[in-house]
Amino acid sequence: MDQVMSICCYCGCGCGLYLQVEQGRVVGVMPSHNHPVSQGNLCVKGWHLHEFIHDPRRLTQPLIRRNGTLLPASWDEALDFTAQSLLAIKEQYGPDRIGVLASAKCTNEENYLLQKFTRAVLGTNNIDHCARL
Ligand code: SF4
């Protein structure tokens, strides 16, 4: 079994761990005792981090709802659809009818860009974050 150093992606703490890899599949995690943040500790989410990686229910491509059914779409289609929908909502109802939820799974830089996009491009301060544990 191989061990690959990584960081838990479930929240902004960024605890250190080793992914346990067997025959190309992540089968478990172990905490990193040398990590300066977590020092050998993981919460229950971190201990189960590996379970989503190969889960068949994991989304691996964009989906667009058409006539009530979610259908696979390319990234270009999904981004065009999202941009057009946000623009239509903004024009018809105003920017404050849009809200954006950022994610602790993103980096600080990605979350910074998202709030900048929300405020400067969409024109609303309606942005929140799920990092409060
Ligand atoms: S979810 Fe738990 S293990 Fe993962 S980074 Fe946050 S505190 Fe650490």
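**Reading a predicted model, feature by feature**

Me: I see Q23 in the loop between strand 2 and strand 3. What value is the phi of Q23 near?

Reply: A good place to begin, and keep in mind that this is a predicted model. In general, most residues other than glycine have a negative phi. Here the phi of Q23 is near 50°, a positive value in a residue that is not glycine.

Me: Is Q23 buried or exposed?

Reply: You can read that by counting neighbours: a residue with 12 or fewer other C-beta atoms within 10 Å of its own is called exposed. Q23 has 7 other C-beta atoms within 10 Å, so Q23 is exposed.

Me: Which other residue has a positive phi although it is not a glycine?

Reply: Look at N67, whose phi is positive at about 50°. N67 belongs to the loop between strand 4 and strand 5. The neighbour count works here too: N67 has 5 C-beta neighbours inside 10 Å and therefore counts as exposed.

Me: How many residues lie between strand 4 and strand 5 in their hairpin?

Reply: Two residues lie between them, and N67 is in that turn. Strand 4 covers residues 63-66 and strand 5 covers residues 69-72; their pairing is antiparallel, over four bridges. To follow the register, take R65, which stands opposite L70 in strand 5.

Me: How do I read a sheet, and what order do the three strands of the open sheet have?

Reply: Follow the strand order and the sense of pairing. In this open sheet the order is 1-2-3, and the pairing is antiparallel. Strand 1 (2-7) and strand 3 (25-31) are the edge strands, each pairing on one side only. On average, neighbouring strands of this sheet are turned by 35° against each other, direction ignored.

Me: Over how many bridges do strand 1 and strand 2 pair?

Reply: Six bridges join them in the antiparallel sense, with strand 2 made of residues 16-22. To find one such bridge in the viewer, start at V4: its partner in strand 2 is L19.

Me: Now the helices. What span should helix 3 have, and how far apart are its end C-alpha atoms?

Reply: The idea is to compare an expected span with the one in the model. Helix 3 (residues 108-122) has 15 residues, so at 1.5 Å a residue it should span 21 Å; its end C-alpha atoms are 20 Å apart, which agrees. Helix 2 (residues 75-93) has 19 residues and reaches 26 Å from first to last C-alpha, close to the expected 27 Å.

Me: How many residues of each helix are buried?

Reply: In helix 3 the count is one of 15 residues, so to call it hardly covered fits the cut-off of 20 or more C-beta neighbours for a buried residue. Helix 2 is hardly covered as well, with a count of zero among its 19 residues.

Me: Which residues follow the two helices?

Reply: Helix 3 is followed by G123, with a positive phi near 85°. Helix 2 is followed by G94, with a positive phi near 100°.

Me: Last, which residues surround the ligand, and where are the domains?

Reply: The shell is C8, Y10, C11, C13, G14, C15, S38, L42, C43, K45 and G46. By class, seven of the shell residues are nonpolar, three polar and one charged. As for the chain, it is divided into domain 1 (2-52) and domain 2 (63-129). Taken over C-alpha atoms, the centres of domain 1 and domain 2 are separated by 30 Å.

Methods. Residues numbered from 1 in each chain as written. Predicted model: local features only at pLDDT ≥ 70, side-chain atom pairs only at ≥ 80, totals over all residues. Domains from an automatic or database assignment. Near = placed C-beta within 6 Å. Nonpolar A, V, L, I, M, F, W, Y, C, P; charged D, E, K, R; others polar. Pairing = 2+ DSSP bridges. Axes fitted to C-alpha atoms, helices over the stretch in contact; angles between N-to-C directions. Expected span 1.5 Å × (residues − 1).
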